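Trainee: I would like to go through how the protein meets the DNA here. Could we begin with the terms?

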2 protein chains.
Amino acid sequence: MKERYLRSLRLLSECYHGFEHMSAPDIRKTGLTKAQFDIIATLGNTPGMTFKGLGQKTLITKGTLTGVVDRLETKQLVRRVTSLEDRRNVIVQLTATGERTFERVFDSHIQFCKQPFSGYAEADFVALEETLGILKNRLEAMAAIKTEKKGK
Amino acid sequence: MKERYLRSLRLLSECYHGFEHMSAPDIRKTGLTKAQFDIIATLGNTPGMTFKGLGQKTLITKGTLTGVVDRLETKQLVRRVTSLEDRRNVIVQLTATGERTFERVFDSHIQFCKQPFSGYAEADFVALEETLGILKNRLEAMAAIKTEKKGK
DNA sequence: TATTGTTATACTCTATAACTATA
DNA sequence: TATAGTTATAGAGTATAACAATA
């Protein structure tokens, strides 16, 4: 067996895309793009985040992020606040409308995503969390090595 | 515990994005976009696929697909062949150059993705495949129900 | 009539790099 | 000098709907 991990990788991809595929129309119906939805979902239940933080969480690069946040600001779902401590930092926050949108949209979204888990027993969740948790730790370790190499 | 599945969902997303994040620069270096890479990877080791088939595999809608395939055709990585049986079907195939690109690019990509699995024992693979396999089956069952509802 | 793929439109995201302002 | 975010640009992906050719 040459590449023992390929099947795992394919399954991971298939599961992720399965959720994506199921929930994409659901997200579109809200009038938000995928990128916009990600920002709203990331900001939900937080006091706000800087552009840098948002970029790290969502993997959207800063130039793109400016445009995405612009459009969300036009829709009055988020606002920009300049940090008082370091005036280079811009904090993006949900507005009251944004909060409501978050609750409505994200809630319906997760209700939707729960469907495949109906019938899961506690042990099934534990097993899934354990295997994915291990993989996540390995991925984070790899990412740390990469950052270390790059940063001086 | 209200939403027992949320943690699983988050882990799945984090793992998938972890791989995406690691391999994105690797893919970009090849001069292919993510969508183009997906098409090449999907066509590799096949005799070709119709637009419809490609769309279902990659989740790219037909209108978009025309553009993506156009660009790959310009790069001489794929060709269009009209099916003889049903002339409405257009089959997209890798060219000889496309085949070589597939082998080179996809190979380096999977070498890259194997890193987090270093140190995995056989039992770890089995466990991961099993938990993801179960989830995949559930997702496919959901999708089948959805299709059933829609199709007449 | 239904299906496959193309075309057209308008918008959004993307990578990249130069730029501004703060530190 | 370094960092955070903006601006500018060109290209690519996206949803949507109308369209042509074939079945």
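Mentor: Helices are DSSP runs of H or I of at least four residues, and strands are runs of E of at least two, numbered from the N terminus. This is a predicted model, where local features need pLDDT of at least 70, side-chain atom pairs count only at pLDDT 80 or more, and totals for chains, interfaces and linings use all residues. Residues are numbered from 1 along each chain as its sequence is written, chains are lettered from A and ligands numbered from 1 in the order in which they are written, and side-chain values use heavy atoms, leaving out hydrogens and water.

Trainee: Which helices of chain B each supply at least two residues of the surface near DNA strand C?

Mentor: Near means that a heavy atom of the residue lies within 4 Å of the strand. From chain A, α2 and α4 each supply at least two such residues. From chain B, the helices that do so are α3 (51–58) and α4 (62–74).

Trainee: What share of the atoms of DNA strand C within 4 Å of the protein is sugar and phosphate?

Mentor: 21 residues surround the strand, with Thr33(A), Arg71(A), Arg88(A), Lys52(B) and Arg80(B) the closest. Of the strand's atoms that come within 4 Å of the protein, sugar and phosphate account for 72%.

Trainee: How far is a phosphate oxygen of DNA strand C from an N or O atom in the side chain of Thr33(A)?

Mentor: A polar contact here is a pair of N or O atoms within 3.5 Å. Arg87(A) places a backbone N or O atom 3.0 Å from a phosphate oxygen of the strand. For the side chain of Thr33(A), the distance is 2.4 Å.

Conventions: Polar contact = N/O pair within 3.5 Å; in protein donor to acceptor, adjacent residues only side chain to side chain.
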